[in-house]
Amino acid sequence: FEGTFRSNPRANFGTTLRSTMSVADNVADSLEKSLDLSSFEEMDPSLAEGHHIFYEREVPFELRSAEGTDAPQEVGALEAIKVKILIHGDDSNPTSVRCELSSESNLFFYYYHELDEAGFRHLQEGQKLMVDFSEYAAVLLRMLNHCIKEPHSHLAVFVMHRDGSARLDFIQNMEYKFVELLSCNFQACSEDLVRQQITYRYNVVKSRLALMQARLADVNALVKIKNPSLLLQLQRAPPRITQQKRFT
């Protein structure tokens with residue numbers, strides 16, 4: 001019966017490894033949450049003119065190219081586009097609404113759409129919209145979220161032209177036909193603004209890395225004092241690379 005009660009070295013090692021990896025994950029999560037990047041976010045060029053962020057998420061877009069006056073591609077490439085809706089003034093009574101599009105896979109992809117109340121009236125008349133300007137940002141928000149939550153029935157098609165102009169079409173698939181819900185004109189940002197945005201994004205990532213490394217050094221020093229063997233286990237544990245779930 002002695003063998004029945006003898007501990008299994010492999011089982012113990014597996015349990016220890018899983019426990020160590022769990023601790024490593026918790027440390028990584030706490031590091032990310034402990035970083036205060038609010039001071040860097042205030043340096044965002046998008047906020048330079050007094051806007052504030054109303055909405056910011058990655059949304060699946062179908063990107064299409066159009067050559068001159070030719071019709072755009074029938075089928076485009078699906079890509080995660082970061083959408084930022086900015087409001088100047090109060091949310092309930094804005095003076096202007098701005099929408100910016102950027103891409104993590106192409107740092108030079110940067111488009112914007114901006115309307116004040118007069119520009120919205122023109123859009124409202126042309127597309128028979130039944131909402132007021134004060135609701136425009138919320139309408140964009142709902143349509144973008146529909147594209148995230150119901151990608152098979154709600155589409156965001158972005159058509160780009162060589163001259164820098166572009167159009168974002170929100171389309172609903174009704175099974176028997178496609179219905180265009182809203183169309184917004186966009187324009188490629190100037191080279192100067194693109195450079196500012198790339199510089200800002202680079203500095204944020206660099207600062208986040210420096211803060212995490214400094215915080216990790218503090219945690220290592222603390223664990224080394226309290227539990228040196230745990231620190232050795234954390235350092236030996238293989239890194240866990242998790243696939244970030246998008247559009248959630």
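**Buried, exposed, paired: how the terms apply**

Tutor: Glu175 sits in the loop between β6 (165–173) and β7 (178–188). Helices (H or I, at least four residues) and strands (E, at least two) are DSSP runs, numbered from the N terminus. The model is predicted, so local features need pLDDT of at least 70 and side-chain atom pairs count only at pLDDT 80 or more, while totals for chains, interfaces and linings use all residues. Residues are numbered from 1 along each chain as its sequence is written, and side-chain values use heavy atoms, leaving out hydrogens and water.

Student: Why does Glu175 count as exposed?

Tutor: Its relative accessibility is 80%. Exposed means over 50% relative accessible area, buried under 20%, and partly exposed in between (1.4 Å probe, protein chains only). The value for Glu175 is over 50%, so the residue is exposed. Glu175 also has a positive phi of about 75° although it is not a glycine.

Student: What makes Lys128 count as exposed?

Tutor: Lys128 has 67% relative accessibility, which is over 50%, so the term applies. This residue is in the loop between α4 (117–127) and α5 (136–149). Lys128, which is not a glycine, has a positive phi of about 55°.

Student: Why is Glu100 called buried?

Tutor: The relative accessible area of Glu100 is 3%, and the limit is under 20%, so Glu100 is buried. Glu100 lies in strand β3 (residues 94–102).

Student: How do you know that a polar contact joins the side chains of Glu100 and Ser46?

Tutor: The distance is 2.5 Å. A polar contact is a pair of N or O atoms within 3.5 Å; within protein, one must be able to donate a hydrogen and the other to accept it, and residues adjacent in sequence count only if both atoms are side-chain atoms. The Glu100 and Ser46 pair therefore meets the distance limit. A polar contact of 2.9 Å also joins the side chains of Glu100 and Tyr110.

Student: Which residues is Glu100 in contact with, leaving aside its neighbours within four places in sequence?

Tutor: Contact means heavy atoms within 4.5 Å. Among the partners of Glu100 are Lys82, Lys84, Tyr112 and Gln197.

Student: What makes Ala188 partly exposed?

Tutor: Its relative accessible area is 28%, which falls between 20% and 50%, so Ala188 is partly exposed. Ala188 belongs to strand β7. Ala188 and Glu100 are 88 residues apart in sequence, and their C-alpha atoms are 9.7 Å apart in space. Beyond neighbours within four places in sequence, Ala188 is in contact with Tyr110, Tyr111, Tyr112 and Gly164.

Student: And why is Ala77 partly exposed?

Tutor: At 46%, the relative accessible area of Ala77 also falls between the two limits, so the term is partly exposed. Ala77 lies in strand β2. Its contacts, leaving aside neighbours within four places in sequence, are Phe61, Glu62 and Leu63.

Student: How do you know that β1 and β2 pair?

Tutor: Strands pair if DSSP finds at least two bridges between them. Strand β1 (residues 52–66) and strand β2 (residues 77–89) share eleven bridges in the antiparallel sense, so the condition is met. One of the bridge partners in β2 is Leu78, opposite Glu62. β2 and β3 also run antiparallel, with eight bridges, and they form a hairpin with four residues between them. In β3, Val97 is the bridge partner of Ile87.

Student: How do you know that the span of helix α6 agrees with its number of residues?

Tutor: The expected span is 1.5 Å times one less than the number of residues. For the 36 residues of α6 (residues 191–226) that gives 52 Å, and the end C-alpha atoms are 52 Å apart, so the two agree. Buried residues of α6 include Leu193, Val194, Gln197, Ile198 and Arg201.

Student: What makes a set of residues a nonpolar core?

Tutor: The set must consist of buried Ala, Val, Leu, Ile, Met, Phe, Trp, Tyr and Cys residues joined through side-chain atoms within 4.5 Å. The largest has 35 residues, and those with the most contacts inside it include Phe61, Leu101, Phe170 and Phe186. α5 gives the most to this core, with eight residues. A second, separate core of five residues includes Tyr110, Leu193, Val194 and Ile198.

Student: How many of the 248 residues count as buried?

Tutor: The share is 33%.
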